[in-house]
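Here are a few notes to help you find your way around this one. Have the structure open beside you as you go through the points.

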Amino acid sequence: MESDLTKRRPSIIAGCLPGVPAGWTPSVDTVEEDESDNEENEISKSYSSPLVSYLPPITNYETKPYLTIKKFQYENPSSGQTTSMSMAHTHGVCILNTEEEEIIACDYYHNRLLMFDSNKDGRLLEIFRGGLSTPESVTPRPHHRQHIYVTKAHSLLLYDLEKKKVVQQLGTSESGHANNRFNLPRGITVDPTTGEIYMCDTWNHRVCVFSPDFRFVNRRWYLTRWEQTQFKVKPSFIAINQNNQCVVTCDDAPNYRGAVYLFDKMGYIKKIYDHDSRKSPNVEAKLNVPHGILLDDEGNWLTVCYSDPESRSVERRSTFQESEETEIINYWRCKELKGPSGLAIKRDQTLIIGDRDNNSINFFKQKAESKDEATK
């Protein structure tokens, strides 16, 4: 039976719900909504799903970025003063579910989130601070274009971009192992159908699942090496699709260089991709500390390797020949990337890679001939 400790509601940030009685505890989502919220939600329905329906082959992409965001200018709206800025460790990145598809990047050591334009020149649009110390990963909240989920030191946050503040929090400033306590969580994704939140509790070696109101839903699984359960590994980033599949990147560097685990959404393991191919469910793939990952509805995935100068990206694709499915592992190299970590893709299939060591965000487009073939 679940203890009272693990049943505790998420923290309510003081001031986000004015006028409620003292000691009041919500039973559902704690974020207040008004008419303007409803109007915005109607607008955002067309852009509600952060999932990837189709992931183009990595061989279709140019190996050099057409745009890199590293040094940028910010004009203070109150003073009008312009300041030159840069990032310090670009961790997670995501694309907002809006018509403009702005980029949100975790500026780890500066304790802030940055919003960039993704359509023109990559200019800085907004800076978000307050309760965002060492942000690790970020993902949009489906059907709420002003809301994002953020993982940071030992906590999971719901952040309002318009109000520029945290409106809901699960976890504390101290690490722990209960269902509502974490140890340096990183990757996060949301199932847009159910609203359930899947989070990598990295240093607790587990993946946790929560309801939209931050309730633990009695689903979590631990990651260990295949047939070596005494060795736990650290899950880093996570992605899901519409077909009950969930992929997780993990590593235990320097002892174990990493793998991609394929689960169903209940946490049952289906396959492991790593250097070892002793027997099923292992499939051999050279993965050197994989971080960000994308997964499409066909089961194809793409990950970026943080510590591999030879193959910065690794891709799994399926092909059907004579009614049999064949798996192909592709490797893709970009010399400009120093330590890729975050990974996202736009609706026009522009690939966005956050480079943690080079403190930058890089845009990659498909080759002209690949686009022509796709439109035929």
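1. Start with a pair of leucines: Leu294 sits across from Leu302, a residue of strand β25. Before going further, keep in mind that this is a predicted model.

2. Now zoom out to the strands around that pair. β24 covers residues 290-295 and β25 covers residues 301-305; the two run antiparallel and are joined by 4 bridges. Together β24 and β25 make a hairpin, with 5 residues between the strands. Have a look at Gly299 in the turn, where phi is positive, at about 90°.

3. Is β24 mostly covered or mostly open? Mostly covered: 6 of its 6 residues are buried. One residue to pick out here is His291, which has its place in β24. His291 has a relative accessibility of 2%, so it counts as buried, given that the cut-off for buried is under 20%.

4. What does His291 touch, if residues up to four places away in sequence are left out? Its contacts include Thr303, Val304 and Tyr306. Others among them are Ser236, Phe237, Pro340 and Ser341, and His291 also touches Arg186 and Arg356.

5. Those two arginines turn up again in the second largest pocket. Arg186 and Arg356 are among the residues nearest its centre, along with Trp203, Lys234 and Asp251. The pocket holds about 240 Å³ of space and has a lining of 13 residues. By type, the lining splits into 5 nonpolar, 3 polar and 5 charged residues.

6. Next, the sheets. One is an open sheet of 4 strands in the order β5-β6-β7-β8, paired antiparallel. Strands β5 (90-95) and β8 (124-128) are at the edges with a single partner strand each, so one side of each has no neighbour in the sheet. On average, neighbouring strands here are turned by 20° against each other, direction ignored.

7. Inside that sheet, β6 (residues 103-107) and β7 (residues 112-116) pair antiparallel over 5 bridges. To find this pairing on screen, look for Cys106, whose bridge partner in β7 is Leu113.

8. There is also an open sheet of 4 strands with the order β13-β14-β15-β16, again with antiparallel pairing. Its edge strands, β13 (188-190) and β16 (216-222), each pair on one side only. Neighbouring strands in this sheet are turned by 20° on average, direction ignored.

9. Last stop: β15 (residues 206-210) and β16 run antiparallel, with 4 bridges joining them. Here you can spot Phe210 opposite Phe216, which belongs to β16.

How values were computed
Residues are numbered from 1 along each chain as its sequence is written. This is a predicted model: local features need pLDDT of at least 70, side-chain atom pairs count only at pLDDT 80 or more; totals for chains, interfaces and linings use all residues. Side-chain values use heavy atoms; hydrogens and water are left out. Buried means under 20% relative accessible area, exposed over 50%, partly exposed in between (1.4 Å probe, protein chains only). Two strands pair if DSSP finds at least two bridges between them. Contact means heavy atoms within 4.5 Å. Axes are lines fitted to C-alpha atoms, for helices over the stretch in contact, and angles run from 0 to 180 degrees between N-to-C directions. On a 1 Å grid over the protein atoms alone, a cavity is a set of points where a 1.4 Å probe fits but cannot get out, and a pocket is an open set with protein on both sides within 12 Å along at least five of seven lines; lining residues have an atom within 4 Å of a point. Grid points are joined across faces, edges and corners, and a volume is the space filled by probe spheres set on the points. Ala, Val, Leu, Ile, Met, Phe, Trp, Tyr, Cys and Pro count as nonpolar, Asp, Glu, Lys and Arg as charged, and the others, Gly among them, as polar.
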